Amino acid sequence: MQGQNIDISKLIASQKPGYALDQRFYTDPDIYALEIERVVARNWILAGHVSELPEPGDFKVMNVAKESAIIVRGSDGQLRAFANVCRHRGSLVCLENRGHTRKFTCPYHGWMYDIDGNLTAARSMPDDFDKSGYGLNPVSFDVIHGLMFVCFSDSPPGLASAKRDLAEPMSIFDFENLKVAAHRSYPIPANWKLSIENYQECYHCVTAHPEYARMHTLMVEGRKRGRLQGHMLEKMEACGLRKIEIDRIDTRAPEGEMGYGYSRTAMFEGYLTGSRDGSPVAPLLGKIKDYDGGASDFVFGAFSFLLAYSDHVVCYVFTPVDPQNCRCDIYWLVRADAKEGTDYDVEELIWLWDITTESDKTIIVNNWKGVQSRYYKPGPFSAMENAERTWTEWILKELARP
Ligand code: FES
Ligand SMILES: [Fe+2]
C-alpha cells in the first residue's frame, strides 16, 4: 500500500488508539483516493424512501464523490439503480435531480435509454451495432423496509442481518408506509470524515446546540441519565414501544455485512418530540399509541443515521464530494397518510434539525481549518466520543482491507 508520498499501512499502524486521526487522513490526496475505493464505494449509502418514486418512470439521481446513480422505477414496477454514465462516450445521461420520464436521452449525441436501462436508440451507428450490449450499467441497489440504499460496488456487504434484526424496531414506526415530508441538502466545505465524526458525538452539544440540548439528554451522564431513561421505560409499553437495543455498528458488524444499530433515549420532561416547544409536529407513527418522551437512533452502515421520534423520523446521510467538501442530506419522514398543512407544517417539522445542522456546519468547518494547521496533533477522545472512536477504528480497518 504505497501511495505517492505515503506508506498507508505504516500510517494506519502508527495511529494511536483512542486518539483523533492523523492529519494526513484528512488532507492527503492518496488517502482520499484509497478511502473512495475501500470505504465509500464498498458500502451502502441511504438514498431516500421508496415512496419518493411511486410510478414507473419516476427517478432521482444520487451523487457521491465522482459517482452518479440514477434510481428509477422500471416498467415492471421494480426500483433499480444505474450508473449515470452514457455507454457511448461517457457523458452524464441524466442532468436533472429528480422527475418522471419515459426515456433518458443523453445530452451529448442523443443515445436513448428506456426506464429499464436498455439502449433503445443510437443514431448513425453501423448496421451490425448491437444495442443490447450497451444498456446502462447497473449499480447495486436494495431496500430495507422502505429505505432505499445504493452501493457503488458489484460485491456489496450483505444486508440480511440488518433486514432481519431491524425488522422489529422498524415495524414499530412502520417505515414501509412513511413518506418524505421534506428534504434539504447542506453543502459543508470540510473533509467528509469530520462531518460524520461530528454527528456521532454529543460532547459538543452543550456548547454548540442550545436548542437541541434543552430537549435531548445524550450529554447527560450518570444517575440523572438513568432516572430519565427509567421514566421513559415505564411509559414505553403503554405507548406501543418496546425496549430494544441492537449494537452491530461498524467494527461490531456481522462478518461481510453492513453494520447497524438501534437504541432509544429519553428526552427531557415535557418534550414529546424534537420540536420548538416539545409538542407534537405530526401524527403518531405506525404502532405508536402515545408519546413516551423518547427518541430512537438507527444506524445503517457508516454514512446513514436516523433519529426516530414518536411522530417523525429525521434521516441523515453524509457523503464526500471531493477531499475538501462533503454534503449532508436530511430527509424528514412522516406517516404516508399525513396531510401537509393539516397534519404537519414543514417549517415546524424541520426547525430543530435545520438549525442544529447549520450550527454543526460552522463547527465542522472550524474543525477543518484547524486540522490543516502545522500545529494540529491528534488529541484524545473523551468518554462521550465512543461512537466516533468506533467509527474511526472501522475506517482504519476498512482502509487496510485490500
Ligand atoms: S456520450 Fe452519450 S450519446 Fe455520446
Ligand atoms: Fe452537532
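A crossing of two helices is right-handed if the near helix is turned clockwise from the far one by less than a right angle, and left-handed if anticlockwise. The notes below concern a predicted model.

1. Helix pair H6 and H11. H6 passes H11 in a right-handed crossing. Two packed helices are described by the angle between their axes and the distance between the axes. Here the axes of H6 (residues 192-199) and H11 (residues 386-400) come within 9 Å, and they cross at roughly 145°. On the H6 side the contact is made by Trp 192, Lys 193, Ile 196 and Glu 197; on the H11 side, Glu 388, Trp 391 and Ile 395 take part. By class, the residues of this contact are four nonpolar and three charged, with no polar ones.

2. Burial of H6. How many of the eight residues of H6 are buried? Eight of the eight are, and the helix is described as mostly covered. The buried set includes the contact residues Trp 192, Lys 193, Ile 196 and Glu 197. Leu 194, Ser 195, Asn 198 and Tyr 199 of H6 are buried as well.

3. Trp 368. This residue belongs to helix H10 (residues 346-371). Trp 368 counts as buried because its relative accessible area is 7%, where the cut-off is under 20%. Neighbours within four places in sequence aside, Trp 368 is in contact with Pro 189, Ala 190, Asn 191 and Leu 194, among others. Leu 194 is itself one of the buried residues of H6. The other contacts of Trp 368 include Tyr 26, Thr 27, Pro 323 and Gln 324. Between Trp 368 and Ser 195 the C-alpha to C-alpha distance is 9.5 Å, with 173 residues of sequence separation.

4. Iron site. Which residues supply the protein donors of the iron ion (ligand 2)? They are His 204 and His 209, each through NE2, and Asp 360, which is listed twice through OD. These donors lie 2.0 to 2.6 Å from the ion. Along the chain, the donors of the iron ion follow the spacing H-x4-H-x150-D. The site has four donor atoms and is irregular, with angles of 55 to 149° among them. That range does not fit the tetrahedral class, because all angles would have to lie between 85 and 135 degrees.

5. The histidine donors. Both values of relative accessibility fall under the 20% cut-off for burial. His 204 is therefore buried at 12%, and His 209 is buried at 1%.

6. Positive phi outside glycine. Ala 65 is not a glycine, yet its phi is positive at about 50°. Ala 65 sits in the loop between strands E2 (58-64) and E3 (67-73). With a relative accessibility of 23%, Ala 65 counts as partly exposed. Ser 124, also a residue other than glycine, has a positive phi near 50°. The loop that holds Ser 124 runs between strands E8 (119-121) and E9 (138-144). Is Ser 124 buried or exposed? At 72% relative accessibility, Ser 124 counts as exposed.

7. Arg 73. Strand E3 contains Arg 73. The residue is buried, since its relative accessible area is 14%. Beyond its neighbours within four places in sequence, Arg 73 is in contact with Val 50, Leu 53, Pro 54, Glu 55, Pro 56, Gly 57 and Asp 58, among others. Further contacts of Arg 73 include Gln 78, Leu 79 and Ile 115. Ile 115 is 42 residues from Arg 73 in sequence, and their C-alpha atoms are 7.2 Å apart.

Methods:
Residues numbered from 1 in each chain as written. Chains lettered and ligands numbered in written order. Predicted model: local features only at pLDDT ≥ 70, side-chain atom pairs only at ≥ 80, totals over all residues. Heavy atoms only, no water. Donors = N, O, S within 2.8 Å, 3.2 Å for Na, K, Ca; no water. Tetrahedral: all angles 85-135°; square planar, octahedral: opposite > 155°, others 65-115°. Buried < 20%, exposed > 50% of the residue type's maximum accessible area, 1.4 Å probe, protein only. Axes fitted to C-alpha atoms, helices over the stretch in contact; angles between N-to-C directions. Helix = DSSP H or I, 4+ residues; strand = E, 2+ residues; numbered from the N terminus. Contact = heavy atoms within 4.5 Å. Nonpolar A, V, L, I, M, F, W, Y, C, P; charged D, E, K, R; others polar.
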